[in-house]
Amino acid sequence: MKYAVRTAKVIAATLGLAAIAAPALAQQGLDEPFQKPFKEALAGKTVAYVPVAMNFDLTEGWYAGMKKELEPLGVKFEIRDPNWNTNAGAQAVTSLISEKPAVMVIHNPDVQTYAKLLQRAENEGIYVIQINMGSAYRSSAFVGANWIEIGEKDTEAVVKACQGKSNKIAIVQGALSAAASAYTLKGVENVLAKHPEIKVVSSQAADWDAAKAKAITQTVLKQNPDLCGIVGFWDGMDIGTAAAVKEAGLTGKVFVATSGGGERKGACELVKSGAFDLNLSYDVPTQAAQMAGTIKWLLSSGAKAGSIKGSEYTTLIPITKENADSQTACWNLSDLKK
Amino acid sequence: MKRLRFNQQEIVFAVFAVLFLAFSIFLRGFLTPENMLTLLQNVAVLGILGLAMALVVIGRGIDISLIAALAVPPGLVLQMVQNGHSLPASLLTAVLLTIAFGLVNGWLIAYAEVPSLFATLATGLLLAGLGQAALFQLDVVQWSDGMKGFERLGQGTIAGIPTSIVMFAIACVVVAFLLRQTRWGAYIYAIGDNPYAARVTGIPSRPIIVLQYVVAALIGCFAGLVMAASVNSMPTRVFNSTLIYDVILVVVLGGIGLSGGRGGVLNVIIGTLLIGTMLNGMTIMDISYAGQNLVKGVVLLLAVITDSFLNPRNEETAQQGDI
């Protein structure tokens, strides 16, 4: 028996050697049969990108990342910037449906507005990839953060930091109409349901606005100087939350947890300075790579739009004092744009 | 029998007093020195903007582009420093940009005679668009190391008083001086009261109007610097927010008639205090965002209605585009 195994191993090794040696001996290449159809499937195709707005770290990062992956393959990458205007966004999606790009990459401002349009687009044979903020319609792919998980993890961290302290926390929400904010709040509620000892002294929407977040936090801190933690919903807004904590001289005493795209200046630098204690990053370059990968896969698969549906939730990177200094925890927009 | 008549300033002050008293009695933690300072600190930037708006409204104009002046030049300072320029050079560039912007506004309104509402609506969009398209890499311009020390403009305290309140106080004194102690200030009142009469009496009304918009833009830029310093970044997207309505609310609520020629710094202070008290009380009570907007909307509506009763439009001098 033992002998037989050894013989088999010898044969296998010989065969392996032969396999490596054979082409070399023949001095001839082997055609890989799938790369040509792949290239053909992508060349000349149009991918349209409709973020809620350009000019902020997330959407700029996705844009740069996807462009870098797709343009060398001859994909035309188009952008429609509704600049925070939901109506303009819906119009852009509508006109795109008649222009028939191969793929639409959609960043939804809310759950409902685009839902019907996206369904129509897939019926027309356009693949729809929804990113970071999904809609009520499930399309070919969703690539993005799991907001419920973000709410849960941030709140768990705050609850942990509150152990043995006042158990008073505050919540700084984003804009009420945004799905990301509502989902995150659900995650917060999930954790709070398990911790009845935690008292929420304030839960207000700051409209993704740093100045408003600061004003609210200042007032809350004056009323509750023994506050032990704050759950913020976006690092771009929570700069204001952190500034209020710092001004009250409570940095380090009030645990500030937030989330964002992990851009170095907005995330790592602020964690290093002590402004944030935890920043859950949904690492934009990785997301962009996943988006590009999904586009490549869909286009080369030849599947009918809407016939397959899947999700790729982002693995979160918790940025804390421990890893804020590392090269890999955060990314630089300028590098991504190169 | 003598009829009792109040002017708007007195009404607003009475409302403020009642609200303040009610909050002090019923809201635990409202009437503490710390909360009072927070209250003022939270509305300091709004108050500074209110001063700029007051200047323009007294001269019978309106400056919708104020938020662009708040967002873009200070954002430019942060961006330039981030890109490695020195702080003084960046500040100078921003001030020059602001002055140029005020000049454009003023020229359009005084010489091209475009109604101020439309002129500033357009120029505000233009400046904000320019910022977004050409000046800033990202919506939120972050603080960088080169700005070290400058955050004191909006953070920390001076003699126990938060700096932003001190900045509001300084702006109040400067604007009060301009309006009450200089000839230029008197001209603004004259132009606001009756532009034609002012011109006939030999007041250089066009240059004064230009100056008015330049000063308003500069005050707006100053407010932006205080704001950026206080949150360690410049969220330039603030241009898309409803801040401008809050500014108009402060001015109208304080009793500066939109038909021009009336009011002063005191009105802005009263308007700011009322807004501050409202916002602070509602935050302590943890009222929802929608509820807060509802309350603000109702108060603005009441203020505008009161304003049109107490300061009726002057049929002889009113023109299209006036509000």
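**Exercise 1. Is B:Glu113 buried or exposed?**

Step 1: count neighbours. B:Glu113 has 11 C-beta neighbours inside 10 Å, so B:Glu113 counts as exposed. The cut-offs go like this: 20 or more other C-beta atoms within 10 Å make a residue buried, 12 or fewer make it exposed, anything in between is partly exposed, and the C-beta atoms are placed from the backbone.

Step 2: find its place. B:Glu113 sits in the loop between α4 (87-111) and α5 (116-135) of chain B. Helices (H or I, at least four residues) and strands (E, at least two) are DSSP runs, numbered from the N terminus.

Step 3: check the backbone. The phi of B:Glu113 is positive, near 55 degrees, and this residue is not glycine.

A word on the model: it is predicted, with local features needing pLDDT of at least 70 and side-chain atom pairs counting only at pLDDT 80 or more, while totals for chains, interfaces and linings use all residues. Residues are numbered from 1 along each chain as its sequence is written, and chains are lettered from A and ligands numbered from 1 in the order in which they are written.

**Exercise 2. Where is A:Asn167 found, and why does it count as partly exposed?**

Step 1: look between α6 (147-161) and β6 (168-173) of chain A; A:Asn167 is in that loop.

Step 2: count again. A:Asn167 counts as partly exposed because it has 17 C-beta neighbours inside 10 Å.

Step 3: note phi, which is positive at about 65 degrees although A:Asn167 is not a glycine.

**Exercise 3. How many residues of helix α2 of chain A are buried?**

Step 1: take residues 35-42, the eight residues of the helix. The count of buried ones is zero, so to speak a hardly covered helix.

Step 2: set that beside the whole chain, where buried residues make up 51% of the 338 residues.

Step 3: move just past α2(A), and you meet A:Gly44 with a positive phi of about 80 degrees.

**Exercise 4. Which element supplies the largest share of the side of chain A that touches chain B?**

Step 1: size up the interface. In chain A, 28 residues are in contact with 29 residues of chain B; contact here asks for C-beta atoms, placed from the backbone, within 7 Å.

Step 2: list the suppliers. At least two residues each come from α3 (57-70), β7 (199-205), α8 (210-223) and α9 (235-247) of chain A.

Step 3: pick the winner. That's α8(A), with nine residues.

Step 4: zoom in on its partner. α8(A) packs against helix α9 (residues 205-231) of chain B at an angle of about 65 degrees, with the axes 10 Å apart. Axes are lines fitted to C-alpha atoms, for helices over the stretch in contact, and angles run from 0 to 180 degrees between N-to-C directions.

Step 5: name the residues. A:Ala210, A:Ala211 and A:Lys214 meet B:Met227, B:Ser230 and B:Val231.

**Exercise 5. What is the strand order of the open sheet of six strands in chain A?**

Step 1: read across: β7-β6-β8-β9-β10-β12, with mixed pairing. Two strands pair if DSSP finds at least two bridges between them.

Step 2: spot the edges, β7 and β12 (317-319), each pairing on one side only.

Step 3: follow the twist, which averages 15 degrees from one strand to the next.

Step 4: inspect one pair. β6(A) and strand β8 (residues 229-232) of chain A run parallel and are joined by four bridges, and A:Val172 stands opposite A:Gly232 in β8(A).

Technical notes. Contact = placed C-beta atoms within 7 Å.
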